[in-house]
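Work through the exercises below with the sequence and the structure at hand. Try each task before reading its solution.

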Amino acid sequence: MQPVTAYEYSVVPDLPETLRPLLRIARNLWWTWNPDAVALFRRVDPEGWDASHNPVRMLGALKSRRIRELRADDVFLSQLERVNSQLDDYLAHRSWYERIYGEELSCRIGYFSAEFGLHECLRIYAGGLGILAGDHLKSTSDLGLPLVGVGLLYRVGNLQQYLNLDGWQQEAFPENDFFNLPVEPERQADGAPFRIPVEYPERTVLAQVWKVQVGRVPLFLLDTNLLENEPADRDISEQLYGGDVELRLKQEILLGIGGVRALEAMGRMPSVCHMNEGHSVFLAVERIRQLVQGRGLSFAEAREVVAASNVFTTHTPVPAGNDVFQPEMIRRYFEGYVPQLGITMDQFLDLGRIHPGSRDEPFQVTVLALRLSGFANGVSKLHGAVSRSLWRPLWPALPPDEVPITHITNGVHTRSWYADEIARLYDRYLGPKWSEDPVDQRVWQRVDRIPDSELWRSHERLRERLVAYARQRLADQLQRRGAHRERILEAKEVLDPEALTIGFARRFATYKRANLLTRDLDRLDRILNNPQRPVQIILAGKAHPKDTPGKEMIRDIIRVSNDPRFRRRFVFLEDYDIGVARYLVQGADVWLNTPRRPLEASGTSGMKVVMNGGLHLSVLDGWWVEGYQGDNGWAIGAGEEYKDTGEQDRIESLLLFEMLEDAVSPLFYRRGQDGLPRDWIAMMKASMRSLCAVFNTNRMVEEYVEKAYLPSAMAWKALTDGEFARAKDVAQWRRRVHERWEGVAVREVQTERREELKVGEDLPVRVVVDLGGLATEDVAVELYYGPLDPKRVIVDGRVAGMRPAEHAGGNLHRYVGAVPLLVSGRHGFIVRVRPHRAGTLRAVEAGMVVWG
């Protein structure tokens, strides 16, 4: 029997006053993107730093002798003072948001995500979604937005991968020791920790609030591992994406409902909430509940306020990637909650159904998020189009391009991912603004000032560092697997620091197709072991614990790496995390990406590579559709999509091998008399010029501010002013429109019946519309026009408004307008009527468009 402790206490590092700033810096993750701070921690204890990359743990383990040495080291104390002053300056600096918007509108933003990838020492992330969320917070801090993050503090976070001798993935789940991490309990004024009640069937669960400081931005994390909770409830926040469907629902209730309650209790209630994926969707219903119960609004009135001020980002391009719950489970978990919303359970379930009223249809969190958000977006231009197609059934009366899901393409936090060698080059030739304002296109045009020789030597040093790191990591993992001594010694000589090095690292899901490289091993042998133009490939990545096909793909990769033909040139690194990624994206010559289009929502690893001088070789999917320009990397194919995935894999594998043999490798090894690959370096510079200013999270966050956060904040203010007068008015208007919409119809359309019309003319149109008792200001009457395809369907449609001309008796109104004739060809138009109210974000709902 394991003894249960009777007393608990916390032990914190005991540092003298002169060294106390070390703890202050360690507890603000600003240090993760400040190289001077990292150098400072490394100087404190090089071995301790290399063992954990966790300054809080390292400082807590410092020996008294080392503390005395540091106290007496004037050079170290000067370095500490300098870094501490840098943190002061960073926090006090007048930010972009303050300069541009600070006095225009007062708002507070809540950013909710199930995972945050901030640094490898804080394992509360699993993959790209978390890395993006972490970079979002960092750029939010740099830009000075009034934003707080909300997530869960998992006792078991990112899985630790190791492989057996056969190459089969095994998983370990090391527990996070919160008291030796850069997290602290958030406390009330009297020193008591904040604890939030969240109701579950038959009981209430308490969640403690912890805080991670990310520069200027606080990230609040909820944890249910409290003695006051039942043992099963302590496990709600145990593991990221662990357990079954029911545990997933419990976590999403905790994140959404508990997260909003935590912010309210701390006096940080946001006016705008951003849902990073659907995991936090129940924040929307909790915001509605608080308005219904606390301010006396009806559900419809509260919904107007909340939906107008919610932002939802979807990251999944396929239906299977969205969480779905059976109605019975939702009924059980929300039977005591839904009455507080002022609606019935069936009405609540319909909010999460594509087809309201279909009682057997499951409840989808993405559907709920789309219905309760005024702004929704995908994460790349292509993904926006895919999402509009995927979720068009929610708006069946709209053309696909008008489904209200736009896109804001992902980016990466520049200062978290560049190598010091590259940063010094940028400082010298681009000036300091490249890191202060990475969005400025003019700065990146200066890359041509960097001498070819300096850029190439810096990149070569990064490749050499990657090779050394890969050798040591491979030897360590072989030793853990029990490999024989000769194989371990051989691992320390794999790879060539001067050979063309390709990186491939990501989650091992089957659609990402790491096995495109291994479809033709004889051809791969010729490419990798070409005596004049050798190539080497370093791979890394994890499969989800339940993804057997993904694990089989890793095993097949390991078997190829064990083939004597490939041992020196084809290496797989275990336990891919942020630390491994940093070496790979900084040292690779080429970053390979082979998703099955259009299944890559965005992807960001390649963005990290280009800022370090690497080049991108990818299928035209995700962000690369926007990034590729012909002279800044390579594209596999031309953006084709196939019904037969086997045929797609066969063709694109052939294209990949051809690209490596005929384009990539020859360009890398084409050297001038000075030994420099001038054409390759020219492509490196073209890549930096065209991509670095665009594919970063500063640009991304600025887009969210301009397109989503500020419009949502203004809508919140307009709807809540005057005791919610406008919210009540809009809800009443919407109810009136719903009641009378069935009577709306287009009764008559008149236009000129000429067979041929000339470019530059206008085609006048007159229509009579039955408004069914609605007023002209309640609707918009429009002409939808454009070219016709062979099936006489309008493609690339445009909209021209019509204006009311006269009342035609009863509910009839005459409208006039014109179709502009812009280009020649076969064209057509159709009249439509839709609800319209000035200043209302969510005017068009399912089915509420009349075509005639």
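A residue counts as buried when its relative accessible area is under 20%, as exposed when that area is over 50%, and as partly exposed in between. The model used in these exercises is predicted.

**Exercise 1. A proline in a loop**

Task: Find P399 and decide whether P399 counts as buried or exposed.

Solution. Step 1: locate the residue. P399 sits in the loop that links α16 (381-390) with β14 (406-407). Step 2: compare its accessibility with the cut-off. The relative accessibility of P399 is 9%, so P399 counts as buried. Step 3: list what touches P399. Apart from neighbours within four places in sequence, P399 is in contact with R392, Y784, R832 and W851. Step 4: check a distance to a residue remote in sequence. P399 and F829 are 430 residues apart along the chain, and their C-alpha atoms are separated by 13 Å.

**Exercise 2. The sheet that holds F829**

Task: Which strand order does the open sheet with β23 and β27 have? Which strands stand at its edges?

Solution. Step 1: read off the order. The sheet is open, has 4 strands in the order β24-β23-β27-β28, and its pairing is antiparallel. Step 2: identify the edges. β24 (798-801) and β28 (850-851) each have a single partner strand, so one side of each is left without a neighbour in the sheet. Step 3: look at the inner pair. Strands β23 (residues 779-787) and β27 (residues 827-835) run antiparallel and are joined by 9 bridges. Step 4: pick out one residue pair. Opposite Y785 stands F829 of β27.

**Exercise 3. Another open sheet**

Task: Describe the sheet that contains β22 and β26, with its order, edges and turn between neighbours.

Solution. Step 1: the order is β21-β22-β26-β25, in an open sheet of 4 strands with antiparallel pairing. Step 2: β21 (744-751) and β25 (803-807) are the edge strands, and each pairs on one side only. Step 3: on average, neighbouring strands of this sheet are turned by 30 degrees against each other, direction ignored. Step 4: strands β22 (residues 762-771) and β26 (residues 812-820) are antiparallel, with 9 bridges between them. L763 has V819 in β26 as its bridge partner.

**Exercise 4. A covered strand with two partners**

Task: How many residues of strand β15 (residues 500-505) are buried, and which strands pair with β15?

Solution. Step 1: count the buried residues. In β15, 6 of 6 residues are buried. Step 2: sort them by direction. L500, I502 and F504 point one way, T501, G503 and A505 point the other way, and all are buried. Step 3: find the partners. β15 runs parallel to β16 (residues 535-540), with 6 bridges, and G503 stands opposite I538 there. β15 also pairs in the parallel sense with β18 (residues 590-593), over 2 bridges; here I502 has V590 as its bridge partner. Step 4: add the connection. Together with helix α23 (residues 521-528), β15 and β16 make a right-handed β-α-β unit.

**Exercise 5. An enclosed strand**

Task: Why is strand β9 (residues 272-276) described as largely enclosed?

Solution. Step 1: 5 of the 5 residues of β9 are buried, so the strand is largely enclosed by the rest of the structure. Step 2: V272, H274 and N276 point one way and C273 and M275 the other, all of them buried. Step 3: β9 runs parallel to β1 (residues 109-113), joined by 5 bridges, and parallel to β10 (residues 310-313), joined by 4 bridges. Step 4: M275 faces F112 of β1, and the bridge partner of M275 in β10 is F312.

**Exercise 6. Two packed helices**

Task: At what angle and axis distance do helix α12 (residues 299-308) and helix α30 (residues 697-740) pack?

Solution. Step 1: the angle is about 145 degrees, and the axes are 8 Å apart. Step 2: the crossing of α12 and α30 is right-handed. Step 3: A300, E301, E304, V305 and A308 are the α12 residues in this contact, and they meet residues of α30 including W716, L719 and F724. Step 4: by class, the contact of α12 with α30 has 10 nonpolar, 2 polar and 4 charged residues.

Technical notes
Residues numbered from 1 in each chain as written. Predicted model: local features only at pLDDT ≥ 70, side-chain atom pairs only at ≥ 80, totals over all residues. Heavy atoms only, no water. Pairing = 2+ DSSP bridges. Buried < 20%, exposed > 50% of the residue type's maximum accessible area, 1.4 Å probe, protein only. Contact = heavy atoms within 4.5 Å. Right-handed = clockwise from strand over helix to strand, strands pointing away. Axes fitted to C-alpha atoms, helices over the stretch in contact; angles between N-to-C directions. Left-handed = near helix turned anticlockwise from the far one by under 90°. Nonpolar A, V, L, I, M, F, W, Y, C, P; charged D, E, K, R; others polar.
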